[in-house]
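Notebook open, charged pairs on the list for today. I want to look up who pairs with whom, and then follow one helix along.

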Amino acid sequence: LLPEYVRLKQAGDIQGVFNVWHRSVRQTAVILFPLVAFMFVFAEPFVVLMFSSKYADSDLIFQVYILALLPRMTWFGFVLIGLGHKRDSAYGAVLSLILNLGLSFAFIYAFGILGPALGTVVSESLVAGYYLVRIRSVTGIGWSAIFPWLALFRLGLASGLALAPSV
């Protein structure tokens, strides 16, 4: 994707960068959302299958970590790099490390063994927010057009509804 972003940016086609990025996010979400929903619903049998019944109680931790995949479905930094803002991407990586470490340790005290999983989900979500704010600032594109929100909402809803009878 990065070479395509750079090519489109050099041609002055910022909207083209977003079109390519949004398409890649939607294509990833078509696979990722149903997988996350399935693994979330069937976490306990999956954990038992993979690691034995001794680990059955760790299904909640597994479910929380599964949610951390959602903000990672795309690497926002590629868009910033493609638009010529490499430092913002590097700042995001440093922010991710600091937030994940800090929140994971802080959450251990508040939530026990579930803390690092929650810290990872929260930090990844905050870093995704940072990247979106920077992308919006760099491009001036509005919140409704910056990310394929509606398409992701529909995919998430369809994934959840498809598994609802299993719950």
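For this session I count a salt bridge when a side-chain nitrogen of Lys or Arg sits within 4 Å of a carboxyl oxygen of Asp or Glu. I keep in mind that this is a predicted model.

Entry 1, the tally. How many salt bridges does the structure hold? I get three.

Entry 2, arginine 134 and aspartate 88. I looked up this pair and found a salt bridge, with the closest N and O atoms 3.1 Å apart. Arginine 134 belongs to helix α7 and aspartate 88 to helix α6, so I note a link between distant parts of the chain, 46 residues apart. Buried or exposed, what is aspartate 88? I have aspartate 88 down as buried, because its relative accessible area is 10% and the cut-off for buried is under 20%. Arginine 134 comes out partly exposed at 23%.

Entry 3, glutamate 124 and arginine 72. Here the closest N and O atoms are 3.4 Å apart, and I log a salt bridge. Where do the two partners lie? Glutamate 124 is in helix α7 (residues 115–139), while arginine 72 is in the loop between α4 (59–67) and α5 (76–82). The two are 52 residues apart in sequence, so this pair ties those parts together. I find glutamate 124 buried, with a relative accessible area of 12%, whereas arginine 72 is partly exposed at 44%.

Entry 4, arginine 7 and glutamate 4. I see their side chains meet in a salt bridge at 2.6 Å, N to O. Both residues belong to helix α1 (residues 2–10); they are three residues apart, so about one helical turn separates them. Arginine 7 has a relative accessible area of 46%, partly exposed. Glutamate 4 is partly exposed too, at 30%.

Entry 5, along α6. I went back to the helix that holds aspartate 88, which runs over residues 86–111. Does its length add up, and what span should I expect? Its 26 residues should span 38 Å at 1.5 Å a residue, and I read 36 Å between the end C-alpha atoms, which agrees. Which α6 residues are buried? My list reads Asp88, Ser89, Gly92, Ser96, Asn100, Leu103, Ser104 and Phe107. I then asked what the buried residues of α6 pack against, and wrote down α5 and α7. After α6 comes glycine 112, where I note a positive phi, near 70 degrees.

Terms used
Residues are numbered from 1 along each chain as its sequence is written. This is a predicted model: local features need pLDDT of at least 70, side-chain atom pairs count only at pLDDT 80 or more; totals for chains, interfaces and linings use all residues. Side-chain values use heavy atoms; hydrogens and water are left out. Helices (H or I, at least four residues) and strands (E, at least two) are DSSP runs, numbered from the N terminus. Buried means under 20% relative accessible area, exposed over 50%, partly exposed in between (1.4 Å probe, protein chains only). The expected span of a helix is 1.5 Å times one less than its number of residues. Contact means heavy atoms within 4.5 Å.
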